[in-house]
Amino acid sequence: MIHAMIECKKERSGVYLYKGCHDPQTFKFIAGKVSSICVLDQELSPNITNLEKVIPLRIQQGAIQYIDKYFVVNSLIKERIGQIFPKLMDRVYSTGWPRFEISSRFPQSTDTKLSKTSSLPKNSFILFASDFGFSSIEDIDKIKTREEEYLRSINQDLDNASYIKTYIENNIIEYNETIKFLKEISLNPNIPPIVFRPHPSENIENWQKLFSGYNIILSREGDIASVMKDSACVLHRGSTTAVQAYLSNIHPIAFVPNELASRKNISNRISHIVSNSSDFLKIFKKIEEDSLQLSDSIKKDHDWLKLYKDPDYSPSQSIAKILSNVCKNSTALPSLSLRLYFKYLAVHFYAEVLNMILIRVRNPLRFKNKSKLNFPLIKSEVSKLNIDSEIKVKRVFNSIFLCEKA
């Protein structure tokens, strides 16, 4: 989607901000269309315990020459990147974790299909956030092939190939144990419905077949932060969803079936740990009785996470300030929040650092007459931003519109 927008650009200008590092060929193409490339990497996080293995898989040596700014969530990650890629070090900025600034302070509407169709009152369900990246054993071969091709493309050594192979094998074991665990607790009459939220890369139909006949609801509707706020607790297996739950004063519970699944990451450190259904039932009973405190996190985690509850602490504002300096030569638009237009864009990324706006109509299906989803409608919406200029509108996809100053 974003690359289709870039292809429409007639001149080399603007700033490209992406959530990860592309391969050198893609960055070379983008560099020919924009004046600056910046990366906002929220996946390299305190949730990763083996940064030395993961960083070379996320950042390709040949791509470094195209990166102007690389934003990471803390100083440890910046330090590790500097050790592996010394030439990138002076372009790496430790700015905090915008994802959790948004989820803890600016939750989206809870008016989701989940609440409408399932009629689940607040605190009457358990949320399980899946992060396997696959939803059936058949998917594993595809993942292995994809990872092997990727390693060959970036000339990675066999050590990393072995690491990925072990990682996938452990995930298969954990996948089977997790399914068994969820089915078992869902059949317990003292446990409310489990809302299973698949990862975006997972096939929801595969999960539906696996859990057919169990008290498990499959849904990825709505923003996870808003769905989470209505849950009694959040089950996970080391996902960053645990951090979102912790910041929202909701109990995160980590399912750790064996030592192979025992991650020493921040998500597990701030969670109650269970290894079987009996453990879970004991914890959940205390949650229902309101006799359970949030898990005691180690001090460095607590001190760091409490920053996100401080209204004066703003990772996104720090990033926006740096981007403003990058974009001094860009055509300025009035300062305004783009949160309503981009689901995951940090709240304080102001339009003054952009010279174009990409608008996605969130629910085009509600326009029964498709002719109503047209340029005048988009122009009307953009006019609400009080931009003192004529706006050109170009349709990029069916419900994606590119708006530029004329």
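**Entry 1: helix H13 and what follows it**

I began just after H13, where Asp290 takes a positive phi of about 60°. I noted that Asp290 is not a glycine, although its phi is positive, and that I am reading all of this from a predicted model. The residue lies in the loop between H13 and helix H14, which covers 299-305. I then looked up its accessibility and found Asp290 exposed, with a relative accessible area of 69%.

I went back along the chain to H13 itself, residues 277-288, and checked its length against expectation: at 1.5 Å a residue its 12 residues should span 16 Å, and the end C-alpha atoms are 16 Å apart, which agrees. Next I listed its buried residues, and these are Ser277, Phe280, Ile283, Phe284 and Ile287. Looking down the axis of H13, I see that the buried residues fall within an arc of 125°, so they line one face of the helix. On the face turned away from that buried side I found the exposed residues Lys282 and Lys285. At the start of H13, I noted that a side-chain oxygen of Asn276 comes to within 3.1 Å of the backbone nitrogen of Ser278.

**Entry 2: helix H4**

I asked the same things of helix H4, residues 75-84, where the buried residues are Ile77, Ile81 and Gly82. Seen down the axis of H4, these buried residues fall within an arc of 140°, so they too line one face of the helix. The opposite face, turned away from the buried side of H4, carries the exposed residues Ser75 and Gln83.

I wanted to know what covers the buried residues of H4, and the cover includes helix H3 (51-58), strand S3 (69-72) and strand S4 (92-94). At the N-terminal end of H4 I found Asn74 as the cap, with a side-chain oxygen 3.4 Å from the backbone nitrogen of Leu76.

**Entry 3: Leu57 and the cysteines**

Leu57 is in helix H3, and I recorded it as buried, with a relative accessible area of 15%. I also looked at its distance to Cys21: the two residues are 36 apart along the chain, and their C-alpha atoms are separated by 9.7 Å.

That led me to the cysteines. Cys21 counts as buried at 16% relative accessibility, and Cys38 counts as buried at 0%. I searched the whole structure for disulfides and found zero. For my own reference, a disulfide is a covalent bond between the sulfur atoms of two cysteines.

**Entry 4: two asparagines in loops**

I looked up Asn188 and found it in the loop between helix H8 (158-186) and strand S6 (194-197). Although it sits in a loop, Asn188 has 19% relative accessibility and counts as buried, because the cut-off is under 20%. A polar atom of the Asn188 side chain lies 2.8 Å from the backbone nitrogen of Asn190.

Asn249 is also a loop residue, placed between helix H11 (241-247) and strand S9 (252-255). At 54% relative accessibility I count Asn249 as exposed. I noted that Asn249 has a positive phi of about 60° without being a glycine.

**Entry 5: Lys264**

I turned to Lys264, which has its place in the loop between S9 and helix H12 (266-269). With 53% relative accessibility, Lys264 counts as exposed. Leaving aside neighbours within four places in sequence, I found Lys264 in contact with Thr49, Glu259 and Arg269. I also looked up the pair Lys264 and Ile48, whose C-alpha atoms are 8.7 Å apart in space while the residues are 216 apart in sequence.

**Entry 6: the chain as a whole**

I closed with totals for the protein chain, in which I counted 16 helices and 13 strands. Of its 406 residues, 49% count as buried. The chain exposes about 20500 Å², and carbon and sulfur atoms supply 50% of that area. Finally, I looked at the contacts with a separation of 6 or more, and residues 24 or more positions apart account for 64% of them.

How values were computed:
Residues numbered from 1 in each chain as written. Predicted model: local features only at pLDDT ≥ 70, side-chain atom pairs only at ≥ 80, totals over all residues. Heavy atoms only, no water. Helix = DSSP H or I, 4+ residues; strand = E, 2+ residues; numbered from the N terminus. Expected span 1.5 Å × (residues − 1). Buried < 20%, exposed > 50% of the residue type's maximum accessible area, 1.4 Å probe, protein only. Arc of directions from axis to C-beta. Polar contact = N/O pair within 3.5 Å; in protein donor to acceptor, adjacent residues only side chain to side chain. Disulfide = S-S within 2.5 Å. Contact = heavy atoms within 4.5 Å. Areas by Shrake-Rupley, 256 points an atom, 1.4 Å probe, with all protein chains shown as cover.
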